[in-house]
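Ready for a little structure reading at the bench? Here are some exercises, each with a worked solution to follow step by step.

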Amino acid sequence: MVQSRAAHRALAHPAPEGAFVGDRNAMSVPAIEVEHLWFAFDERPIVQDVSFRLEQGDFLGILGPNGGGKTTLLKLLLGLLKPDRGTIRILGQEPHDARHRVGYVPQHTDFNISFPISALELAMMGRLSQARIGRRYSREDRSKVEEALKRVGMWEERATPIGHLSGGQRQRVFIARALATDPKILFLDEPTSSVDAEFQVDLYDFLRDLNRSVTIVVITHDIGVISRHVKSVACINRKMIFHGEGQITTEMLNMAYQCPVDLIAHGIPHRVLPKHEER
């Protein structure tokens, strides 16, 4: 059944407010370094000369219009696509070599919810890369998955078939699957695209708590909600503007949306209302 917001917050691991838990020597390596990144598809530019540096412990929100290159950039960072030009370093490594150190929650999971699998079994899939083919999950695997499900407030629903969970609950299980790998960076692509308005706010509250121990990168179109949670903001529409203080600037919005944008910040959910000249 749906977890209360208070219950799920209580399950988050406590840490001093604003603190990032990690090894100090390892923390000296940036989470992400991108220099002069270019990528085109069928000779059509998708990402043009993008450069930015993200420190460990940051919480980055990436904004932009549909077709502006957000998901393409994420796939480049994950090593799922190879850049035409430029360099990418994830925790000091090539993206392909750093895959075991990152978690990923895609926008579209392509998962058949009628498939007879429980929340626990789905979350256990996050440990497949840790287990050898033909071997059972280890005690450590099960412990990591239990911890991940508890962190997202879904341990009590571990035996529930995935098809019987709400959209928000399923999204939590997919996040648990990503967390089961013990990632240093968690990437999420439009994590609130198929959930209700209350869960959108609930999810970002949870991610803010999680950010005490994991660097987070979220792709989203929901400007108002992320503006009070993230530490850094990037706006991409082929080219990128990066702001390390978590502020959404007029320059970002004009570049990305190419029309004036008003943020309505006195309600849930927040909304973006474009103004266009009458014709």
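**Exercise 1. Find the order of the strands in the open sheet, and say which strands stand at its edges.**

Solution. Keep in mind that this is a predicted model.

Step 1: Walk across the open sheet and you pass 6 strands in the order β5-β6-β7-β3-β8-β9, with mixed pairing.

Step 2: Look at the two ends of that order. β5 (102–105) and β9 each have a single partner strand, so one side of each is left without a neighbour in the sheet.

Step 3: Check the twist. On average, and with direction ignored, neighbouring strands of this sheet are turned by 15 degrees against each other.

**Exercise 2. Describe how β5 is joined to β6, and which helices pack there.**

Solution.

Step 1: β5 and strand β6 (residues 185–189) run parallel and are joined by 4 bridges. For a landmark, find Val-105, which stands opposite Leu-188 in β6.

Step 2: Now add helix α3 (residues 70–78), which packs on the sheet and touches β3 (59–63), β5, β6, β7 (215–219), β8 (232–237) and β9. The direction of α3 makes about 150 degrees with that of β6.

Step 3: Finish with helix α6 (residues 167–179), which lies across β5 and β6 and runs at about 160 degrees to β5.

**Exercise 3. Classify the aromatic pair formed by Phe-52 and Phe-242, and say which parts of the chain the pair ties together.**

Solution.

Step 1: Recall what is needed: a pair of aromatic rings is described by the distance of the centres and the angle of the planes.

Step 2: The structure holds 1 aromatic pair. The ring centres of Phe-52 and Phe-242 are 5.7 Å apart and the planes are at 20 degrees, so the pair is stacked. The cut-off used here is that planes under 30 degrees apart count as stacked.

Step 3: Place the residues. Phe-52 belongs to strand β2 (residues 44–54) and Phe-242 to strand β9 (residues 239–243), so the pair ties together parts that are 190 residues apart in sequence.

Step 4: Compare the surroundings. Phe-52 is buried, at 6% relative accessible area, whereas Phe-242 is partly exposed, at 28%.

**Exercise 4. Locate the arginines that lie over the rings of Trp-38 and Trp-155.**

Solution.

Step 1: Start at Trp-38: the charged end of Arg-85 sits over its ring, 4.4 Å from the centre.

Step 2: Move to Trp-155, where Arg-158 lies over the face at 4.1 Å from the ring centre.

**Exercise 5. Examine some of the salt bridges and judge whether the partners are buried or partly exposed.**

Solution.

Step 1: A reminder before you begin: side chains of opposite charge can pair when their charged atoms come close. The whole structure has 8 salt bridges.

Step 2: Glu-55 and Arg-53 form a salt bridge at 2.6 Å, N to O. Glu-55 is partly exposed at 33% relative accessibility, and Arg-53 is partly exposed at 44%.

Step 3: In another salt bridge, the closest N and O atoms of Asp-205 and Arg-208 are 3.3 Å apart. These residues are 3 apart in helix α7 (residues 197–210), which means that about one helical turn separates them. Asp-205 is buried at 4%, while Arg-208 is partly exposed at 36%.

Step 4: Asp-209 and Arg-212 also meet in a salt bridge, at 3.9 Å, N to O. Both of these residues are buried.

Step 5: Finally, look for shared partners: Glu-33, Arg-53 and Glu-55 are joined into one network of salt bridges.

Definitions and conventions
Residues are numbered from 1 along each chain as its sequence is written. This is a predicted model: local features need pLDDT of at least 70, side-chain atom pairs count only at pLDDT 80 or more; totals for chains, interfaces and linings use all residues. Side-chain values use heavy atoms; hydrogens and water are left out. Rings of Phe, Tyr and Trp (its six-membered ring) pair if their centres lie within 6.5 Å; planes under 30 degrees apart count as stacked, over 60 as edge-to-face and the rest as tilted. Helices (H or I, at least four residues) and strands (E, at least two) are DSSP runs, numbered from the N terminus. Buried means under 20% relative accessible area, exposed over 50%, partly exposed in between (1.4 Å probe, protein chains only). A charge sits over a ring if NZ of Lys or CZ of Arg is within 6 Å of the ring centre and within 35 degrees of the ring normal. Two strands pair if DSSP finds at least two bridges between them. Axes are lines fitted to C-alpha atoms, for helices over the stretch in contact, and angles run from 0 to 180 degrees between N-to-C directions. Contact means heavy atoms within 4.5 Å. A salt bridge is a side-chain nitrogen of Lys or Arg within 4 Å of a carboxyl oxygen of Asp or Glu.
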